[in-house]
Every structure is written in structure tokens, then in C-alpha cells.
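Please open the model in your viewer and keep the sequence panel beside it, so that each selection can be followed in both places. The tour below moves from one selection to the next and says what is to be found at each.

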Amino acid sequence: MQIVILKDAAEVAHYGAQIFVDQINKKADSVIGLATGSTPVALYQDLIARNAAKEVSFAAVTSFNLDEYLGLTGEHPQSYRYFMNEQLFNHVDIDKSNTHVPPGDAKNPLTACKEYEAKIEAAGGIDVQLLGIGRNGHIGFNEPSSGLTSRTRVKTLTKATIEDNARFFAADEYQPHLSITMGIGTILDSRKVVLLATGANKADAIQAMVEGPLTAACPASALQMHRNAVIVIDDAAASKL
Ligand code: GLP
């Protein structure tokens with residue numbers, strides 16, 4: 001793993017965005033893996049600004065998101081499809097038909113998971129995958145105990161993750177407990193992985209991922225096995241290293 005420690009969240013976002021800009025400018029039809037959560041929002045803003053400035057074009061890019069809540073349609077404001085449209089896709093020159101998010105409203109989720117894997121394979125695999133990290137070390141929605149070779153599948157969210165993400169839902173709003181997520185094996189197949197983390201509340205997870213043992217108890221520790229993983233963190237997230 002390459003560990004890049006920067007001053008603050010703004011620097012982390014800019015550094016992460018540069019990796020995607022370089023990748024797309026090297027290969028216009030890159031296949032990129034995208035993530036949700038609050039951490040990548042600043043990176044997406046950076047990409048939007050640089051797309052507007054014509055420093056990068058997404059016209060030939062294909063994207064695959066890591067995960068989606070099971071039980072929400074793409075029109076639901078808390079769905080990850082909606083989030084991606086709002087935070088990135090609606091503001092850049094990407095062809096929406098080339099953007100993929102696991103279908104939270106799939107009639108047969110198990111078939112949908114297999115189809116999602118097949119689509120990634122048909123696209124030639126992922127060139128660069130963006131990741132955040134949960135406080136419990138999850139990547140995508142691969143919660144602790146996830147198989148380190150797992151593929152896209154339905155996962156139950158842990159109580160900790162449901163509580164962490166409750167801030168996005170209104171008090172009386174239905175919050176899904178299930179998700180469809182790329183597996184750890186799917187993520188490890190990406191040719192490059194870029195994980196961003198900022199803030200002191202991620203310091204324990206970062207320490208476990210970087211310095212702890214390779215273990216399903218910390219799904220992100222699987223990145224220790226990836227030959228091209230870049231971990232971009234701020235001083236606060238790095239404070240326990
Ligand atoms: C969710 C997503 C993850 C993300 C995590 C951390 O659980 N499924 O992909 O990394 O949240 O989110 P945040 O960046 O808001 O801390």
C-alpha cells in the first residue's frame with residue numbers, strides 16, 4: 001500500500017481527483033469505480049470543476065458504483081443512484097447510460113448481483129476504483145466478517161453502519177438494512193484502488209487497515225494484498241499510525 005498523508009480534507013480530495021483526471025486523460029474510455037458517503041463529495045466537486053474547465057472529459061468513460069441500498073429505487077433521495085446523479089453525473093459530460101449502480105429495486109437481487117459482475121467483466125474490468133472506509137473498516141458495504149474473496153452479493157448492514165448512516169435519513173423514514181455491494185474480491189480485481197479517509201473518527205479504522213493483521217474483521221485490510229492501492233488520508237485520519 002502506498003500511504004499519502006496530507007494536511008486536510010481539501011488536499012485529500014484534490015489529490016484523489018488528480019488520480020482520476022490522469023487516468024482518464026491517459027485513457028479516454030477508462031472504466032472507473034465510484035463510491036458514495038460524505039468523503040468523496042469534495043473529490044466529485046473537484047472533478048465537476050475540472051470538467052467545466054475542459055481539463056477532463058467523461059464522454060467516453062464507463063462507471064460502476066460499489067453499492068446500493070436494497071429496497072430503494074433510483075428515484076429515492078437516499079439511494080446511491082440518486083446521490084451519484086446529484087453529486088456528479090448530472091454535472092459532467094458523462095453518458096448516463098454508461099453509469100452503473102447496483103439495482104436496489106431488482107426483482108431478483110441474486111440474479112442482479114451476477115449480472116453486475118458480468119457487466120464489469122464485459123467492460124474489461126475497473127481501471128481505478130474509489131473507496132471510502134466505514135468506522136468499522138468496511139469498504140463498499142462489505143461489513144466485518146465479509147469473505148476476502150467475495151463477489152457482488154446481498155449483505156446485511158451492521159448496527160454500527162445503520163447508525164452511522166442514519167444521519168442521511170429523516171427520523172420517520174424507512175432505512176434499509178440490506179444492500180447490494182461489490183465483494184472484496186471484486187474490489188481487489190480493480191487495476192488500481194484509491195481509498196480516501198479524513199477526520200479523527202476514521203483513525204482507528206485506518207490503523208487497523210494499515211498496521212493490523214489481514215483479517216475479515218477489518219475488510220479494508222484486504223487492500224494489503226493489492227499491488228496498486230493508494231491510501232490518501234489527512235493528518236487526523238493518520239493520527240493513530
Ligand atoms: C457507506 C458506504 C461506504 C462509505 C462509508 C463511509 O457505508 N457504503 O462506501 O465508504 O459509508 O462514509 P463516509 O464517507 O460518509 O464516512
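What follows is a walk through a predicted model, taken one selection at a time.

**The annotated domain**

Begin by selecting residues 9–230, the range that UniProt lists, in an unreviewed entry, for "domain: Glucosamine/galactosamine-6-phosphate isomerase". Across this range the chain is 33% helix and 15% strand, and the C-alpha atoms at its two ends are 16 Å apart.

**Strand β10 and its two partners**

Now select strand β10, residues 229–234, where 5 of the 6 residues are buried. Add strand β1, residues 2–6, which pairs with β10 in the parallel sense over 5 bridges; within this pairing, I5 has I233 of β10 as its bridge partner. Then add strand β9, residues 192–197, which also pairs with β10 in the parallel sense, over 5 bridges, and find V194, whose bridge partner in β10 is V230. If you next display helix α7, residues 203–211, you can trace the path from β9 through α7 to β10, which forms a right-handed β-α-β unit.

**T198, after β9**

Stay in this region and select T198, which sits in the loop between β9 and α7. Is T198 buried or exposed? T198 counts as buried because it has 24 C-beta neighbours inside 10 Å, and the cut-off for a buried residue is 20 or more. Its contacts beyond four places in sequence are A9, V12, T39, I233, D234, A236 and A237. A distance label between the C-alpha atoms of T198 and A236 should read 6.6 Å, although these two residues are 38 positions apart in sequence.

**The nonpolar core**

Next, colour the nonpolar residues and look for the largest nonpolar core, which has 61 residues; those with the most contacts inside it are L131, I133, V194, L195, M209, A220 and I233. Helix α1, residues 9–26, gives the most to this core, with 6 residues. In soluble globular proteins, nonpolar side chains tend to be buried together. Select I133 to follow one part of this core: leaving aside residues up to four places away in sequence, I133 is in contact with I139, L195, A197, K202, A205, M209 and A220. Two residues met earlier, V194 and I233, are among those with the most contacts in the core.

**The annotated active-site positions**

Which residues should be selected for the feature "active site"? UniProt places this feature, again in an unreviewed entry, at D67, N136, H138 and E143. N136 lies in the loop between β6 (128–131) and β7 (153–156), and E143 is found in the loop between β6 and β7 as well. N136 counts as partly exposed because it has 19 C-beta neighbours inside 10 Å, whereas E143 is buried, with 21 other C-beta atoms within 10 Å. Beyond the four-place limit in sequence, N136 is in contact with E143, P144, T158, A160, T161 and A205. With the same limit, E143 touches N136, H138, K155, L157, T158 and T161, so two of the annotated positions appear in its list because they lie within the 7 Å C-beta contact distance.While in this loop between β6 and β7, also select S145. Its phi is near 95°, a positive value in a residue other than glycine, and S145 counts as exposed, with 11 C-beta neighbours inside 10 Å.

**The three-stranded sheet**

Now turn to the open sheet of 3 strands, which has the order β4-β8-β7 with antiparallel pairing. Its edge strands are β4 (67–69) and β7, each of which pairs on one side only, and the twist from one strand to the next averages 30°. Strand β8, residues 178–181, is joined to β4 by 3 bridges, and the two run antiparallel; here Y69 stands opposite S179 of β8.

**R81 and K54**

For the last selections, go to R81 in helix α3, residues 80–87. R81 counts as buried, with 24 C-beta neighbours inside 10 Å, and its contacts beyond four places in sequence are E68, G74 and V101.

Finish at K54, in the loop between α2 (41–52) and β3 (62–65). K54 has a positive phi of about 60° although it is not a glycine, and K54 counts as exposed because it has 8 C-beta neighbours inside 10 Å.

Definitions and conventions. Residues are numbered from 1 along each chain as its sequence is written. This is a predicted model: local features need pLDDT of at least 70, side-chain atom pairs count only at pLDDT 80 or more; totals for chains, interfaces and linings use all residues. A residue is buried if 20 or more other C-beta atoms lie within 10 Å of its own, exposed if 12 or fewer, and partly exposed in between; C-beta atoms are placed from the backbone. Helices (H or I, at least four residues) and strands (E, at least two) are DSSP runs, numbered from the N terminus. Two strands pair if DSSP finds at least two bridges between them. A crossover is right-handed if, with the strands pointing away from the viewer, the path from the first strand over the helix to the second runs clockwise. UniProt positions are given in the numbering used here, feature names are shortened, and annotations may be inferred rather than shown by experiment. Axes are lines fitted to C-alpha atoms, for helices over the stretch in contact, and angles run from 0 to 180 degrees between N-to-C directions. A nonpolar core is a set of buried Ala, Val, Leu, Ile, Met, Phe, Trp, Tyr and Cys residues joined through C-beta atoms within 7 Å.
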